[in-house]
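I opened this notebook to record, step by step, what I looked up in a structure that was new to me. The entries below follow the order in which I went through it.

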Amino acid sequence: MAATSRGTSPVPPDVRPRLTVLSGPSGVGKSTVVAHMRKVHPEVWLSVSATTRKPRPGERNGIHYFFVDDEEFDKLIANGELLEWAEFAGNRYGTPRRAVLDRLESGEPVLLEIDLQGARLVRQSMPEAQLVFLAPPSWDELVRRLTGRGTESPDVIERRLTAAKTELAAEAEFDTTLVNTSVEDVARELLTLMLQASGLRGTDG
Ligand SMILES: Nc1nc2c(ncn2[C@@H]2O[C@H](COP(=O)(O)OP(=O)(O)O)[C@@H](O)[C@H]2O)c(=O)[nH]1
Ligand SMILES: Nc1ncnc2c1ncn2[C@@H]1O[C@H](COP(=O)(O)OP(=O)(O)O)[C@@H](O)[C@H]1O
């Protein structure tokens, strides 16, 4: 099955939504899709979030996340440095505000990979943003991917699957759904959506 798009954007035609938010349940393949898109198109800018989660093997500070402790995260909030933040499965995650606003001001497409709560906050503060939901081909496949990744303990997997039920139920709040059957197809469709939202042409790369 190819990636499919569903839904239409409620954004008025005179507003250019340059900010794109990608959300979806843990294990659906968000990081994989984004990594593939950036491999093919290294010029695409992705916001790097701050998190209190501990790094997984292979994750690098400043590349995958800014890994901070609770005290540092509190400071980011207190100083108004986060565009949005949320607690997810026992850790906090937030989008550094300045870097995103700088990119938007320069007219570049911007991608945020954040959870449902963050997507809702962005929708409130930036109604022109386009919200893209990444859905699994099936529930069983989501469980297989999350378990097969092998990065979380069984109780953390359980928490993430509980959150996944809430997230899947919120799909209709998003402008578009992409079903992650093929990483390459989804990455291409996501880039096209980002470029179109910015008033730029979609590519076939
Ligand atoms: N609200 C919010 N969510 C974030 C941010 N960065 C990452 N997330 C989300 O936090 C959740 C957990 O991320 P992570 O621990 O990396 O696990 P993974 O997405 O399953 O690989 C995912 O839904 C991410 O999209 C952020 O800056 N803000
Ligand atoms: N289209 C796909 N088909 C099969 N496996 C996939 C696909 N996309 C991602 N995966 C695998 O699923 C697991 C979870 O992907 P990941 O990108 O870490 O998800 P997320 O960032 O949404 O939590 C990884 O092991 C990844 O290799």
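The entries that follow go from the whole chain to its strands, then to a loop and to the two ligands.

**Entry 1: the model as a whole**

I began by noting that this is a predicted model, and I looked up how confident the predictor was before reading anything else. The mean pLDDT of the protein is 90, and 89% of its residues reach 70 or more. For the complex, the predictor gives an ipTM of 0.98 and a pTM of 0.91.

I then took stock of the fold and found seven helices and nine strands in the protein. Of the 205 residues, 34% are buried. I also looked at how contacts are spread along the sequence: among those with a separation of 6 or more, 72% are between residues 24 or more positions apart.

**Entry 2: strand β1 and its partners**

I turned next to β1, which runs over residues 19-23, and asked how many of its residues are buried. The count is five of five, and the strand is mostly covered. Looking at the side-chain directions, I saw that L19, V21 and S23 point one way while T20 and L22 point the other way, and that all of them are buried.

Which strands does β1 pair with? One partner is β7 (residues 110-113), joined to β1 by four bridges and running parallel to it; in that pairing, L19 stands opposite V110. Another partner is β8 (residues 130-135), which also pairs with β1 in the parallel sense over four bridges, and here S23 has F133 as its bridge partner. I added a reminder for myself that strands of a sheet pair through backbone hydrogen bonds, either parallel or antiparallel.

**Entry 3: the open sheet**

I also followed a sheet of four strands, which is open, has the order β4-β3-β6-β5 and shows mixed pairing. Why is one side of β4 and of β5 left without a neighbour in this sheet? Both β4 (66-67) and β5 stand at the edges and have a single partner strand each, so one side of each has no neighbour there. Between β5 and β6 I found six bridges, with the two strands running antiparallel, and I noted F88 and its bridge partner N91 in β6 as one of these pairs.

**Entry 4: the loop between β1 and α1**

I checked the record for annotations and found that the unreviewed UniProt entry gives "binding site" for G24, P25, S26, G27, V28, G29, K30 and S31. I picked out two glycines from this stretch for a careful look.

G24 lies in the loop between β1 and α1. Is G24 buried or exposed? It counts as buried because it has 28 C-beta neighbours inside 10 Å, where 20 or more are needed. Setting aside residues up to four places away in sequence, G24 touches K30, F133, L134, A135 and E167, and of these I recognised F133 as the bridge partner of S23 in β8.

G27 is found in the loop between β1 and α1 as well, and it is buried, with 24 other C-beta atoms within 10 Å. Beyond its neighbours within four places in sequence, G27 is in contact with L142, R145, L146, R149 and R160.

**Entry 5: the surroundings of ligand 2**

I counted 15 residues around ligand 2, the closest being G29, K30, S31, T32 and R145. The elements that give two or more residues to this shell are α1 (30-40) and α5 (139-149). By class, the shell around ligand 2 holds two nonpolar, ten polar and three charged residues. G29, K30 and S31 are also among the residues covered by the UniProt annotation, and R145 is one of the contacts of G27.

**Entry 6: the surroundings of ligand 1**

Ligand 1 is surrounded by 18 residues, and the closest are S26, S49, Y93, I114 and G118. At least two residues of its shell come from each of α1, β5 (82-88), β6 (91-96) and α4 (116-125). Which element supplies the largest share of the shell around ligand 1? That element is β5, with four residues. By class, the shell around ligand 1 has five nonpolar, eight polar and five charged residues.

**Entry 7: a residue in the last helix I looked up**

I closed with A197, which lies in helix α7 (residues 183-197) and is buried, with 24 other C-beta atoms within 10 Å. Measuring nothing by hand, I took from the model that A197 and E113 are 84 residues apart in sequence and 16 Å apart in space, C-alpha to C-alpha.

Methods
Residues are numbered from 1 along each chain as its sequence is written. Chains are lettered from A and ligands numbered from 1 in the order in which they are written. This is a predicted model: local features need pLDDT of at least 70, side-chain atom pairs count only at pLDDT 80 or more; totals for chains, interfaces and linings use all residues. A residue is near a molecule or strand if its C-beta atom, placed from the backbone, lies within 6 Å of it. Ala, Val, Leu, Ile, Met, Phe, Trp, Tyr, Cys and Pro count as nonpolar, Asp, Glu, Lys and Arg as charged, and the others, Gly among them, as polar. A residue is buried if 20 or more other C-beta atoms lie within 10 Å of its own, exposed if 12 or fewer, and partly exposed in between; C-beta atoms are placed from the backbone. Two strands pair if DSSP finds at least two bridges between them. Two residues are in contact if their C-beta atoms, placed from the backbone, lie within 7 Å. UniProt positions are given in the numbering used here, feature names are shortened, and annotations may be inferred rather than shown by experiment. pLDDT is the predictor's confidence in each residue, from 0 to 100.
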